[in-house]
Amino acid sequence: MTKIARFGEIGNWRKSLEDISMGNEDAKNRFFYRWAERPVQLSEGFFFEDYPASKKFDDGDIVIEEIMRQVDSMFVGGSIQLKREYLAKEGFRAYLLDRFKDPGFLHHCVFWDFGNDPTAIAFEWFHFRGENQLRLEMLRGKIFWPQVADADQSPWKHLVDLYHDRIKHYQEDDPGWKLFVKVLGWPPTLS
């Protein structure tokens with residue numbers, strides 16, 4: 001197992017797409033690396049025990065703390081029942097912390113601004129609750145979180161478009177396909 005692991009600069013989906021729109025050819029490669037290749041490498045490394053859990057990365061505690069602060073803020077103003085489900089010993093917060101052990105999943109969530117995207121959080125909430133039909137509906141375009149002001153400009157919209165492209169052009173060794181199916185646990189098909 002590698003003794004020194006660090007997330008470093010993860011980047012952000014919006015900045016990456018801005019770089020691409022400015023005609024920077026290298027930006028396309030960096031975007032693919034950040035949204036697909038790097039998280040898959042981290043996740044595979046974690047599951048093959050080449051990489052430690054995220055918390056053991058040099059900067060892992062900082063990355064986890066920041067994203068959890070964002071997610072926590074979404075549940076502070078919720079109903080008492082929602083807060084209870086979130087904060088329970090085996091609640092959604094504990095579920096997320098467990099998922100964040102996988103450095104590939106954590107990298108993905110940071111890059112796609114998960115902590116500030118109510119739609120992505122709703123999708124993961126449905127995963128936590130085992131509501132797979134609702135997850136499928138979200139992948140088909142239905143939005144269940146009412147606070148989403150401009151769903152077309154959200155990271156969720158871009159991510160789902162990438163998902164549909166990877167599922168449509170299925171290649172098992174493609175890092176994009178691996179990210180969705182192996183790292184995130186999304187269905188390998190929408191049928």
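Modeller: A residue is buried under 20% relative accessible area, exposed over 50%, and partly exposed in between. The model discussed here is a predicted one.

Colleague: Why is Gln41 called partly exposed?

Modeller: Gln41 has a relative accessible area of 37%. That value is neither under 20% nor over 50%, so the class in between applies. Gln41 sits in helix H2. Not counting residues up to four places away in sequence, Gln41 touches Tyr33 and Tyr51.

Colleague: How far from Gln41 is Val183, along the chain and in space?

Modeller: Gln41 and Val183 are 142 residues apart along the chain, and their C-alpha atoms are separated by 10.0 Å.

Colleague: What makes Glu49 exposed and Asp113 partly exposed?

Modeller: For Glu49 the relative accessible area is 57%, and the cut-off for exposed is over 50%. Asp113 has 24%, a value that falls between the two cut-offs of 20% and 50%, so Asp113 is partly exposed. Glu49 belongs to the loop between H2 and helix H3 (60-76), and Asp113 to the loop between H6 and H7.

Colleague: What is the phi of Glu49, and what is that of Asp113?

Modeller: Glu49 has a positive phi near 65° in a residue other than glycine. Asp113, also not a glycine, has a positive phi near 55°. A glycine with a positive phi is Gly185, just after H10, at about 75°.

Colleague: Why are H2 and H6 called roughly antiparallel?

Modeller: Two packed helices are described by the angle between their axes and the distance between the axes. For H2 and H6 the angle is about 155° and the axes are 6 Å apart. An angle over 145 degrees counts as roughly antiparallel, and H2 is therefore roughly antiparallel to H6.

Colleague: Which residues make this contact, and how do they divide by class?

Modeller: From H2 come Phe31, Arg34, Trp35, Arg38, Pro39, Leu42, Ser43 and Phe46, and from H6 come Pro103, Gly104, His107, His108 and Phe111. The classes are seven nonpolar, four polar and two charged.

Colleague: How do you know that H9 and H10 are roughly perpendicular?

Modeller: Helix H9 (residues 155-168) and helix H10 (residues 175-183) cross at roughly 110°, with axes coming within 9 Å. The range for roughly perpendicular is 65 to 115 degrees, so H9 and H10 are placed in that class. The crossing of H9 past H10 is left-handed. On the H9 side the contact uses Leu159, Leu162, Tyr163, Arg166 and Ile167, and on the H10 side Gly176, Trp177, Phe180 and Val181. Seven of these residues are nonpolar, one is polar and one is charged.

Colleague: What makes H10 largely enclosed by the rest of the structure?

Modeller: Seven of the nine residues of H10 are buried, and that is why the helix is described as largely enclosed. The buried ones are Pro175, Gly176, Trp177, Leu179, Phe180, Val181 and Val183. Their cover includes helices H2 (25-47), H5 (92-99), H6 (103-111) and H9.

Colleague: How do you know that Trp156 is buried?

Modeller: Trp156, in helix H9, has a relative accessible area of 5%, and the cut-off for buried is under 20%. Leaving aside neighbours within four places in sequence, Trp156 contacts Asp117, Thr119, Ala120, Phe123, Met138, Leu139, Ile143 and Trp186. Trp156 and Leu179 are 23 residues apart in sequence, with 15 Å from C-alpha to C-alpha.

Colleague: How many aromatic pairs are there, and why is the pair of Tyr86 and Phe92 called tilted?

Modeller: The count is 27 aromatic pairs. In the pair of Tyr86 and Phe92 the ring centres are 6.2 Å apart and the planes make 50°. The limit for a pair is 6.5 Å; planes under 30 degrees apart would be stacked and over 60 edge-to-face, so 50° leaves tilted. Both Tyr86 and Phe92 are buried.

Colleague: What makes the pair of Phe123 and Trp156 tilted?

Modeller: The ring centres of Phe123 and Trp156 are 4.9 Å apart and the planes stand at 45°, so the pair is tilted. Phe123 is in helix H7 (residues 118-129) and Trp156 in H9, so the pair ties together parts 33 residues apart in sequence. Phe123 is buried, at 2% relative accessible area. Phe123 and Trp156 also belong to one aromatic cluster, with Trp13, Phe31, Phe32, Trp35, Phe111, Trp112, Tyr163, Phe180 and Trp186.

Conventions: Residues numbered from 1 in each chain as written. Predicted model: local features only at pLDDT ≥ 70, side-chain atom pairs only at ≥ 80, totals over all residues. Heavy atoms only, no water. Axes fitted to C-alpha atoms, helices over the stretch in contact; angles between N-to-C directions. Helix = DSSP H or I, 4+ residues; strand = E, 2+ residues; numbered from the N terminus. Parallel < 35°, antiparallel > 145°, perpendicular 65-115°, else oblique. Left-handed = near helix turned anticlockwise from the far one by under 90°. Contact = heavy atoms within 4.5 Å. Nonpolar A, V, L, I, M, F, W, Y, C, P; charged D, E, K, R; others polar. Buried < 20%, exposed > 50% of the residue type's maximum accessible area, 1.4 Å probe, protein only. Phe/Tyr/Trp six-rings, centres within 6.5 Å; stacked < 30°, edge-to-face > 60°.
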